[in-house]
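Dear colleague,

I am passing on the structure we talked about, and would be glad if you could keep it open while you read the notes that follow it.

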Amino acid sequence: MKTLFHLFLLFTSSLLFTQVSTDSNLYKTILSQDSLLFNVGFNTCDMHQFENLLSDTFEFFHDKDGISNKKEFLFNLRNGLCKNPTEYQSRRELLPESSKVFPLYKNNKLYGAIQIGVHQFYETMPPRKEVFAGSAKFTHLWQLENEVWKLSRSLSYDHQEKLANVPQYSLFDDDKAIEKWLLENNVPTLGLGIIGEGKLKQIKVFGELKKGTSAPYNTLFNVASLTKPITAIVTLKLISLGKWDLDEPLYNYWIDPDISKSPNLKKLTTRYVLSHQTGFPNWRYMDDSGKLDFKFTPGTKYQYSGEGFEYLKKALEIKFKKTLDQLAKELVFEPLQMNDTEFYWSKKTDESRFAIGYNPDGVAYETFKNKTVSAADDLLTTIEDYGTFLVSVMNNDGLSKSVFDEMTTNQVATKKGKYFGLGFEIYDLGNGEIALSHGGSDKGVQTIVFIFPKSKKGILIFTNVDDGYKVYEKLLLHYLGENGKKIIEIETK
């Protein structure tokens, strides 16, 4: 053990110039593990998280309390800090600017990573409010055990009864101010992603999944209609590959019995689905008849429709003899390593990371766990996964030039300065720049995204409350500046 431990210390001192960038997959993975360990584990005294994340050979080195193995560490935690949460609670907060990650290789194969940083601790002893308790430095050795990341060694040292002296700078400015602002607006959870220079630069998740459980870095959100751009890009990639036709009538593959005798049937195409010109209502069940029908001739005007996307899904699945889920995995999810994105709830869905939805009064909705694939609604994803997807779209990854041009061309006007292209809304900002956008809205869901193909910038905003849209304006103005102001002006005209 001593030999391994000494090697561990040697690595921390000799790899100072090999730390990975904050936008690397390794950094994001380790920060995700850190979030599960502390935000879900330590802060809520969830022993199950520690048992899952700690290696069987785990050792903890503390500059005041000595050395302990996994069994001793869990016993001390269970009978110490977590003995009676109603009388005492401790909360850990990572200073993100202090966090650094160093890869460990053997024969050019990654086997582990060292994470160093500074964290601060706060304590609550009811009825007294939470107070600052101290700060410390830490060094963690994470190792891959059977392809699963486990914490093997933890060093906690330089404990101080004062705030750590770490420079506070971030694209997200003051995290505590944002948390306070969310509380004031009754927004339980906010996920933010910032895109710059054609890359996902920042990922931040604020708030709580439920009372007392901080939302982790890789929180799972239901993003409602942000499902539609996924379906659109799957389809556009098939068109780019020459396997699908944008303007071929869909009746060649699928005819819904409700419209089998309609004269408009043969006019329905993929172009009209992706630009919301099908003539269908949003959902057939909203009509008194409960049946699908055309409200106008396809291609003559705009009407937002989830039914259109479901119709397209049927046609694709019949043509390719694969489910939409399978097509998305092949063309989008697997190439982009979107491992936390699913069309429906499955055995691999980590419910402990899911942001349940709330109404404006703070009452939680019962979680709808859809078991079938929808082309239009209920996608489960994270800020990181969906941000990666948007970067791919913005950088024209996997689309032919002609298809990308069609996608970003105004197909139909929805209001002055705003149009639908193929799969995305288009804002004409009047400065040579356009914004591609889409939103999602359901019970307990308000989400929106914007990407700017010319300047290679963008933003993702995910919330889990009916009126989460009320935080959009300040975020757009802060992060998008003049372009944000123009978007708001178009929306409020």
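Please bear in mind throughout that this is a predicted model. I begin with one residue pair and work outwards from there: Val-449 stands opposite Leu-460 in strand 18, and the two strands concerned, strand 17 (residues 445–452) and strand 18, pair in the antiparallel sense over seven bridges. On its other side Val-449 of strand 17 is the bridge partner of His-438, and strand 16 (residues 434–442) is likewise joined to strand 17 by seven bridges in the antiparallel sense. Four residues lie between the strands in the hairpin of strand 17 and strand 18, and within that hairpin Lys-456 takes a positive phi near 60°.

Strand 18 also pairs with strand 8 (residues 189–196), to which six bridges join it in an antiparallel arrangement, with Gly-191 opposite Phe-462. Six of the seven residues of strand 18 (residues 457–463) are buried, and it is therefore largely enclosed by the rest of the structure.

These strands belong to an open sheet of nine strands, which has the order 10-9-8-18-17-16-15-14-13 and antiparallel pairing. Its edge strands, each of which pairs on one side only, are strand 10 (213–214) and strand 13 (412–415).

Two helices are worth viewing together with the sheet. Helix 10 (residues 383–394) lies across strand 8, strand 9 (199–210), strand 17 and strand 18, and runs at about 150° to strand 9. In helix 12 (residues 472–480), the residues Tyr-472, Leu-475, Leu-476, Tyr-479 and Leu-480 are buried; they cover an arc of only 100° around the axis, and so they sit on the same side of helix 12. The cover over these buried residues includes helix 5 (175–184), strand 8, strand 17, strand 18 and helix 13 (482–492). Just after helix 12 comes Gly-481, which takes a positive phi of about 60°.

Finally, there is a helix pair to look at. The axes of helix 6 (residues 227–240) and helix 9 (residues 324–333) come within 10 Å and cross at roughly 75°, which means that helix 6 is roughly perpendicular to helix 9. In this contact Ile-230, Thr-231, Ile-233, Val-234, Lys-237 and Leu-238 of helix 6 meet Leu-324, Leu-327, Ala-328, Leu-331, Val-332 and Phe-333 of helix 9, and the residues involved divide into ten nonpolar, one polar and one charged.

With best wishes

Terms used
Residues are numbered from 1 along each chain as its sequence is written. This is a predicted model: local features need pLDDT of at least 70, side-chain atom pairs count only at pLDDT 80 or more; totals for chains, interfaces and linings use all residues. Side-chain values use heavy atoms; hydrogens and water are left out. Buried means under 20% relative accessible area, exposed over 50%, partly exposed in between (1.4 Å probe, protein chains only). Two strands pair if DSSP finds at least two bridges between them. Axes are lines fitted to C-alpha atoms, for helices over the stretch in contact, and angles run from 0 to 180 degrees between N-to-C directions. Angles under 35 degrees count as roughly parallel, over 145 as roughly antiparallel, 65 to 115 as roughly perpendicular and the rest as oblique. Contact means heavy atoms within 4.5 Å. Ala, Val, Leu, Ile, Met, Phe, Trp, Tyr, Cys and Pro count as nonpolar, Asp, Glu, Lys and Arg as charged, and the others, Gly among them, as polar. The arc is that of the directions from the helix axis to the C-beta atoms.
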